[in-house]
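I opened this chain to see how its elements fit together. My notes follow in the order I looked things up.

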Amino acid sequence: MATTPIAVVVATRNRGAKLVPLLDSILANDVAEFELVIVDQSTLDDTADAVQPFLADPRIRYLR
């Protein structure tokens with residue numbers, strides 16, 4: 001059975017604290033192969049700081 005490629009795109013702005021539970025939830029899914037793109041349009045650094053611990057995962061791309 002072939003798997004369907006999955007990409008999740010999260011657009012955010014100044015919601016660092018709310019982003020962590022979302023990322024935890026996406027990473028806890030049963031599908032191992034996917035790409036997660038976070039597009040950050042924040043004016044503050046709180047979102048970048050919140051995302052930083054997740055960037056070791058090669059499935060995650062962060063664009064500010």
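Before placing any residue I fixed the terms: helices are DSSP runs of H or I with at least four residues, strands are DSSP runs of E with at least two, and both are numbered from the N terminus. The model is predicted, so I kept local features to pLDDT of at least 70.

**Entry: overall layout**

I counted the elements first. The chain holds two helices and three strands. Read from the N terminus, they run β-α-β-α-β. I then took the extent of the C-alpha trace, which spans about 45 × 20 × 15 Å along its principal axes. Of the 64 residues, 30% count as buried. The chain exposes about 4,400 Å². Carbon and sulfur atoms supply 57% of that area. I also looked at contacts with a separation of 6 or more. Residues 24 or more positions apart account for 67% of them.

**Entry: the sheet**

How are the three strands ordered in the sheet? I find an open sheet with the order β1-β2-β3 and parallel pairing. The edge strands are β1, residues 7-12, and β3, residues 60-63, and each pairs on one side only. From one strand to the next the twist averages 15°. Helix α1, residues 16-27, packs on this sheet and touches β1, β2 and β3. The direction of α1 makes about 180° with that of β1.

Next I went through the bridges. β1 and β2 run parallel and are joined by six bridges. Two pairs I noted here: Val10 has Ile38 of β2 as its bridge partner, and Thr12 has Asp40 of β2. On the other side, four bridges join β2, residues 35-40, to β3, again in parallel. Leu36 has Ile60 of β3 as its bridge partner, and Val39 has Leu63 of β3. As a reminder to myself, side chains in a regular strand alternate between the two faces of the sheet.

**Entry: crossovers**

Which hand do the β-α-β units have, right or left? β1, α1 and β2 make a right-handed unit. β2, helix α2 (residues 46-51) and β3 make a right-handed unit as well.

**Entry: the core**

I listed the largest nonpolar core. It has 10 residues: Val10, Leu19, Leu23, Ile26, Phe34, Leu36, Ile38, Val51, Phe54 and Ile60. The elements that give two or more residues to this core are α1 and β2. α1 gives the most, with three residues. I cross-checked the bridge list against the core. Val10 and Ile38 are bridge partners, and both are in the core. Leu36 and Ile60 are bridge partners too, and the core includes both.

**Entry: Phe34**

I pulled the contacts of Phe34, a core residue. I left aside neighbours within four places in sequence. Phe34 is then in contact with Ile6, Ile26, Leu27, Asn29 and Arg59. Of these, Ile26 is one of the core residues.

**Entry: Leu19**

Leu19 sits in helix α1. Is Leu19 buried or exposed? Its relative accessibility is 4%. Buried means under 20%, so Leu19 counts as buried. Not counting residues up to four places away in sequence, Leu19 touches Val10, Thr12, Ile38, Thr47 and Val51. Among these, Val10, Ile38 and Val51 belong to the core. I also took one distance along the chain. Leu19 and Glu33 are 14 residues apart in sequence, and their C-alpha atoms are separated by 21 Å.

**Entry: Asn14**

Where does Asn14 lie? I find Asn14 in the loop between β1 and α1. Its phi is near 55°, a positive value in a residue other than glycine. Its relative accessibility is 29%. Partly exposed covers the range between 20% and 50%, so Asn14 counts as partly exposed.

Note on methods
Residues numbered from 1 in each chain as written. Predicted model: local features only at pLDDT ≥ 70, side-chain atom pairs only at ≥ 80, totals over all residues. Heavy atoms only, no water. Pairing = 2+ DSSP bridges. Axes fitted to C-alpha atoms, helices over the stretch in contact; angles between N-to-C directions. Contact = heavy atoms within 4.5 Å. Core = buried A, V, L, I, M, F, W, Y, C linked by side-chain atoms within 4.5 Å. Buried < 20%, exposed > 50% of the residue type's maximum accessible area, 1.4 Å probe, protein only. Right-handed = clockwise from strand over helix to strand, strands pointing away. Areas by Shrake-Rupley, 256 points an atom, 1.4 Å probe, with all protein chains shown as cover.
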